Amino acid sequence: MRYGLQQFFLIAVLFCMAGVAFSQEQPSLRNRADELFRKYEYANAAALYVKLVDTKRPRLQDLERLAYSYVQMNDYESAENWYARVVEMEGSEAGNHLLYGDVLKANGKYVEAKQQLEEYARETGNAEVVAVAIAGCDSAVVWMAHPTVHQLRNEGINTSLSEFSVFPLGDQVYYTGEPDGYMQGADRYGWTGHSFLRVYTADRLADNTLTDAVLAIESLNNAPYHIGPVAANANGDTLYVTRTYPGKDGNITKEAGGKYRTQKLELYVYTRLPDGTWAAEPFVYNNVSEYSVGHAALSGDGNILYFVSDMPGGHGGTDIWYSERQGDGSWGVPVNAGGAINSAGDELFPNIGPEHTLYYSSDGFAGMGGLDVFRSTGEKTAWDKPENLRYPVNSSGDDFAYLTTYDGEEGMAGYLSSNRKGGKGRDDIYSFTYEKPKIIIILRGTTSDKASGERLPATTVTLFDGQRKIVAKKNSDGTGAFEFILDRNRTYTVLGQKTGYHADSAKVSTVGITKSDTLEVSLLLEPVFEVGKTFELENIYYDFDKHNIRPDAAVILDELVRTMRDNPTLKIELSSHTDSRGSDAYNEALSQRRAQSAVDYLVSRGIARDRMVAKGYGEKRLVNRCADGVPCSREEHQANRRTEVTVLSY
């Protein structure tokens, strides 16, 4: 959730009104795209750059800006597609390897990410720039192979938008989220194309389940732009709320050099009045003309206010600072919390747990990608060395706003926010528990070539749970063997993947197992890229008499996008076939339109058009007896309505 983190904090919010005119004259498509890009309206700029790069010789800068726009939109899958092309283009500079490596890391491709980061170091001779990122890649591989026993649950209040930063108060919580639709008095945020953030409340059950979410009262949501996250004192009658400074005139202004003015964040202190409303006062050390202040957290005794700022005197982009409560109740001059917990990167979302434990997120230490959650013990400027909480608390995405609601000898419970893959929306709230298992169930397996039977070492093996979330990930060893630890009463899928092979998977269940046990599985991967070989894309469906790509078909085509992206020399024919009903000429034209739509979709996802041929065969290549005039069932006709891929060269 970059606009809630680095974007939201460092660059803050632009007044990106959708109806602002760029000039009196109608600019060219590229001028419009570049203007949107300069205004940080990445969602709108990307839509135009996609059109500009659909040519045999796209401009490098257009590809770079398109890829970068997707990074800023948190669409790392699309960003990877485009950066794969950027780094292969003539004139591409070393910095693109760095950006590509960061994107690969965000997608959990640590081996490939390390290769790009090392290429950057080779071309520039500056290994120090990527040392921390490479260390993170190496660590992530180990952590995913040996995950902690944290159990994460995606909370039911999550939507397809963003929800994050839970702060519990009794049997309720505050959290930050994106409204579904326009808010009164505010337009959509051009950076992402979504509404500005607001504060919500939800009920908290005994097991930390969150339910019955509603927008918080108006007096907490009466600012025009981003609002949240929220922290509170022990009594819940004082809130510390992060808000985006709205400016004096509320209009976009263009500064010298053609750059657009951005707004800072500021911290507001809300005090509950007898009638239940809240009176808001700015934090005394806000200074929106110079720096941002936000993401507050109180010490256990309420006498130290920790917060995040990019004010002068820090160690990196944003640091953790603190103020001490004075005898008269005011807050003292901010002090930097020191270089032990602050890095050359960004520190964000602090929370204080029991025994002076600080939980916070950072991208400046070795981590799995984006923001990782770290833990340190101490106070003020005296802190122990930060400890990465590893996988699955951390992931290849942004992991932040970690908070404990229980921490005892028998385990731990709390909340975490993340934009990791497999969630419901852009950012999701997860509750977690931590308890060591009493029964040990081991899964042992092998990866082999299906054709020859030979073992396949260094095959990527991923363990998914029943909701298709990654539980663990590792490579099979030199003998093609692998091993995982499983939980009781759960179903799993284990997937083996290797370049040049079709993936193979198997279902595994521990339901009903009551004592320690060992399960076994064999994965057989079939060689794939033989010139002339044809395989069907299953479950590619079109509405009757239509050729547009449906959302369910897009999911299947995205797998083909990944195959094309990861095998840059692969060229294919993408063909569409109909059943025999309808005239020959009509079926051939319809199938051609469908094949072309599929190719167009792949082009929009970053695959060069000259690597694909669209071909509609109509009813010429039936796979069964259902020719003209032959009575057949719906299922038999459906078998002929298919989309196929034929390898032309590799």
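**Close-up views of a predicted model**

**Figure 1. Residue K615 sits in strand β32, which covers residues 612-618.** The view is taken from a predicted model. K615 is partly exposed, as its relative accessible area is 31%. Which residues does K615 touch, leaving out those up to four places away in sequence? They are E573, L574, S575, S576, Q592 and A595. One of these, S575, is 40 residues from K615 in sequence, yet the two C-alpha atoms are 4.7 Å apart in space.

**Figure 2. The whole protein, shown for orientation, has 11 helices and 33 strands.** Its radius of gyration is 27 Å, close to the 26 Å given by the globule rule for 650 residues, so the protein is as compact as a globular protein of that length. Along the principal axes, the C-alpha atoms fill a box of roughly 90 × 75 × 55 Å. Of the 650 residues, 52% count as buried. Among contacts with a separation of 6 or more, 57% are between residues 24 or more positions apart. The accessible surface comes to about 29200 Å², and carbon and sulfur atoms account for 49% of that surface. The protein carries 68 positive and 88 negative charges, and the mean positions of these two sets are 5 Å apart.

**Figure 3. Residue S417 belongs to strand β20, residues 411-418.** Is S417 buried or exposed? S417 counts as buried because its relative accessibility is 1%, and the cut-off for buried is under 20%. A polar atom of the S417 side chain lies 2.9 Å from the backbone nitrogen of S165. Apart from neighbours within four places in sequence, S417 is in contact with F164, S165, D398, D399, F400, A401, D428 and I429.

**Figure 4. Residue I549 is placed in the loop between β30 (534-537) and α9 (551-566).** With a relative accessibility of 22%, I549 counts as partly exposed. Not counting residues up to four places away in sequence, I549 touches Y542, A554, L557, S597, A598 and Y601. How far is I549 from P246, C-alpha to C-alpha? The two are 41 Å apart in space, and their positions lie 303 residues apart in sequence when counted as a separation.

**Figure 5. Two cis peptide bonds are shown, one before P229 and one before P392.** Most peptide bonds are trans. The bond joining G228 and P229 is cis, with omega about 10 degrees. P229 lies in strand β6, which covers residues 227-232. The bond joining Y391 and P392 is also cis, and omega is again about 10 degrees. P392 is found in the loop between β18 (387-388) and β19 (399-408).

**Figure 6. D212 and H356 each have a positive phi.** Most residues other than glycine have a negative phi. Phi of D212 is near 55 degrees. D212 is located in strand β5, residues 210-215, and counts as exposed at 54% relative accessibility. For H356, phi is likewise near 55 degrees. Where is H356 placed? H356 is in the loop between β14 (347-353) and β15 (357-362). Its relative accessible area is 48%, so H356 is partly exposed.

Terms used: Residues are numbered from 1 along each chain as its sequence is written. This is a predicted model: local features need pLDDT of at least 70, side-chain atom pairs count only at pLDDT 80 or more; totals for chains, interfaces and linings use all residues. Side-chain values use heavy atoms; hydrogens and water are left out. Helices (H or I, at least four residues) and strands (E, at least two) are DSSP runs, numbered from the N terminus. The radius of gyration is taken over C-alpha atoms; the globule rule is 2.2 Å times the number of residues to the power 0.38. Buried means under 20% relative accessible area, exposed over 50%, partly exposed in between (1.4 Å probe, protein chains only). Contact means heavy atoms within 4.5 Å. Accessible areas come from the Shrake-Rupley method with a 1.4 Å probe; for residues, only the protein chains shown count as cover. Lys and Arg count as positive and Asp and Glu as negative; His and the chain ends are not counted. The place of a charge is taken as NZ of Lys, CZ of Arg, CG of Asp or CD of Glu. A polar contact is a pair of N or O atoms within 3.5 Å; within protein, one must be able to donate a hydrogen and the other to accept it, and residues adjacent in sequence count only if both atoms are side-chain atoms.
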